[in-house]
Structure formats: structure tokens, C-alpha cells
Amino acid sequence: MTDLTADEARRIILRAQGLLGADGRRGGVHGMLRRLGAVQLDTISVLARSHELVAYARLGAVGRDTVERAYWHDPAHSFEYWCHAACILPIEHWPLYAFRRRAYREQRYRWHEVPAHVDQLLEQVRASGPVTTADVGGARATRNGEPGAGEWWDWSDSKIGLEWLLDIGELVCTRRVGWRRVYDLAERVVPADLLAEDLSDEECVVRLARIAGRALGVATRADLIDFLRLKGRFAAILDEALLSGASGLVPVTVSGWPAGARANGSASRAATVTTAGAAGGTPMVPLPEPAAARAAAARAAAGAWADPAALESEPRGRHRSTLVSPFDSLIWHRGRTERVFGFAYQLELYVPRHKRVHGYFTMPVLAGGRLIGRVDPARDGTTLVARQLSLEPGLTASRWADALRDALWSAAEWVGCDAVRVERADPGLAAHLEAGVR
């Protein structure tokens, strides 16, 4: 088993995430999406939408139109579906989410009851071509006789139907118009060879575990579960794939990280290495005894799992200095963020204004391979406004102020601003920033 220091693990993670070294920029937006496995979508736009910020953090000042075209294009290079959350996913991953599409079809419910006319919606798309919610009466429910009067979460029956058809794989979204999803038949959009690939639940989860492990670099079981949002029998499949080696990830220990049962929960408690759902518990990877027992014991004792390719060479190259979206996969799991970077992070969007500590849309600042501070950004015309800016405790302004300034100016230029204004900063930090930020 490989033993890693916390610093070694952090550098492997940064390289895997495309934030250390030149490899993270290879292949542009398409290459980035395939390395990350998933890019989260969110409706909030402060400087830019999150899927744009994720690309900017890794690729620098790539044009925002270029980012949009790379994600949503004809023919499709990616599609939208549920991974950690609503995400953009590489189109070649379509077969891997069959387990989730089947699960949604079985329950026939997700947030809302499926309307009775859902089959008519499907036939409308089949006959008339791609639609948005605007083509079927709008996304919001009618209230008090007024169409679209409901709250944003109060969906119309047509919106519920389209979303359920997307959940079960009858429809797919591979492009947007004015931020509205365009729904089309999967059979018209997804390449035929991908549609024809019929994977079992076990095959889906095992292959996705490998993708998540590669994207994360080094991860605990909880990190992998969070990346893919697995639970119940699907989490059990992941556990067995980790213990058997079927996931392709190797066990590691990381100094300062929880080990064994504390890190891996049910994975470390598994008594045998079996395929979930297989009659009689058929071994996933048959190993001769006592080799199987020794391998299983070693894996159960592991605190974390790593992509073996990531362990083959020492991460080298230049660190990115950048603002990080709150919805970036680098910091999806808040416990992992604190474990890797010593950075306790909470997004305060829904915290009452008077109770916020760092601001409305606080973005961590990455520099030198560390999360060094936070900024609550806004825009005032062509000025990027840092409504609140701070360094992490223990870091000095004399050492890190320039990195903060560079990150702010770089982001400003990317979104077309020609000035930066800091409204509130720690006193010591403010003095160091005056030379370059007004």
C-alpha cells in the first residue's frame, strides 16, 4: 500500500483537477470536461455562470462563447444529467448512467408526481422536433388563473413531464437556448453505438467509480460517494468494487486523513468481496486464498483510494492562481475541502444577510496550491467589485497580497472589466493592496 503525505496527496489532487501543470490545459474545454468527468450547472451568475468559471479556473481567459460552444454543440459532445448534481457530462458517458435512469423509471417520481399526459409530451417531441418549456406552456405552474405565476420551484405539469422523460433517458438535453434546456429524443441525439450499449447497474457504478477516482486523484469512500451521489444498493456496489479492486483504484494512506473504518464506513466492514445483487455472492475478481484475504484486508485498512496512474509520477509544473466557483468539483465535498486544504467553507447564499460572515457568493482564492482567501465578488459596470476580501488565518498579507491582486485582475479582465474595487478587506491586507487595486 502506498503511503502519502498530506502535501503529496494535495498536489496529486490539484494535478488531477487540472490546476497544476500544463496537462490541465490540453484539449481545451473538451479535454477539461473529460478529465473532470462532470461539470456542475447552476442558475446563479455573479461574474459568470459556474460552468464557465470552472473552465476559466483551469484554462485561463478562454472566450466565454468558446466555452458555451464546447459544452453545447451540434453534434453533441456532452449532455446534461445527474451526477453530483445537475452536471454537464461527456457524451461518451451516456451508457454509464443507465443505472440511474432505470432507478428513476422504477419509482416514477422525483420531487413531483409524473403527470398523466407525459406520453403525449414524448409524442410531441417525436413528431415536432426539439422543444423548450416555452413550447409546451412554460416552466411554471398556473396559480389563481395566471399562467407562470408560481414560484421557480413550482413547476408546470409540462415541465415536470419533460424533466421526468429526461430522467429516464427518453429525452436528452445537449444544448440550451437563453439558458433554457432544449429537450430532444435521445435516439436522435445520442450516437447509436452509445445508445446500444446496455450496462448492468454493477458495470455502471464500477466504471463511474474509476472516472470519479481519476478526477479526484486521491479520495476517501465518502468523497467518491459524494462525487456520484450514490446510496443504498449503488453505494454497496461501490464498496465491493473498492474492496475487490474492480474499480481500478488502489488503496493508499494519507498522513492526517482518517484511516480504515473511520474513512470508508461500510466498505471496511464488508466481510466478503462479492458482486452486489449476484445470486450467492459471486466474487467480482476471483483471487486464490489466502491472497484474496490479504488483499481485502489491505483494502479495508486503507484510508483512501487513488488513481494508480496518478501515483506514477510526481506532480510538477505551475500552480494556477484563480478564483474558484462554489460549485467547482475541487471543493464539492466540504469535509474533503477542509481535509485537503485546511479550508472551512460554507456558501452563504441562503444565510440571512445579517448573519453572513464572508458574503453572498463567496469564492475561494487558489494560489500556490493552497486556498489562501475568499472574495465576495460583484460587478458594477466595467468594474469588478470585491465586496469583501480576506486572507485565511495564519497567512500574511506581505506574502499573499500579490496573489490575491493577480487573481482579481485576471478575473476582471476575463469578464470584460477594466477596473477592480475592494470595498472591504482586513486592515493589513488593504494596505498591501492599495498599490494595485483601487
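Student: Which helix supplies the largest share of the lining of the largest cavity?

Tutor: Helix α7 (residues 157-167), with four residues. Helices here are DSSP runs of H or I with at least four residues, and strands are E runs of at least two, numbered from the N terminus. Keep in mind that this is a predicted model, where local features need pLDDT of at least 70 and side-chain atom pairs count only at 80 or more, while totals for chains, interfaces and linings use all residues. Residues are numbered from 1 along each chain as its sequence is written, and side-chain values use heavy atoms, with hydrogens and water left out.

Student: What makes the largest cavity a cavity, and the second largest pocket a pocket?

Tutor: It comes down to a way out: on a 1 Å grid over the protein atoms alone, a cavity is a set of points where a 1.4 Å probe fits but cannot get out, whereas a pocket is an open set with protein on both sides within 12 Å along at least five of seven lines. By this rule there are two cavities of 30 Å³ or more. The largest has a volume of about 50 Å³, the second largest about 40 Å³, and the second largest pocket about 470 Å³. Volume means the space filled by probe spheres set on the points, which are joined across faces, edges and corners.

Student: Why are R110 and W155 called lining residues of the largest cavity?

Tutor: Because lining residues have an atom within 4 Å of a point, and R110 and W155 are among those that line this cavity, together with H112, V114, I160, E163, W164 and D167. R110 is also one of the residues nearest the centre of the second largest pocket, along with R100, Y104, R229 and K231.

Student: What makes up that pocket's lining by class?

Tutor: Nine nonpolar, two polar and six charged residues. Ala, Val, Leu, Ile, Met, Phe, Trp, Tyr, Cys and Pro count as nonpolar, Asp, Glu, Lys and Arg as charged, and the others, Gly among them, as polar, so Y104 is nonpolar and R100 is charged. Helix α5 gives six of the lining residues, the largest share.

Student: How do you know which helix the predictor trusts most?

Tutor: By pLDDT, the predictor's confidence in each residue, from 0 to 100. Among the elements of the chain, α10 (residues 201-216) has the highest mean, 98, and α14 (residues 266-269) the lowest, 54. The chain averages 87, but pLDDT stays under 50 over residues 269-286.

Methods:
Contact = heavy atoms within 4.5 Å.
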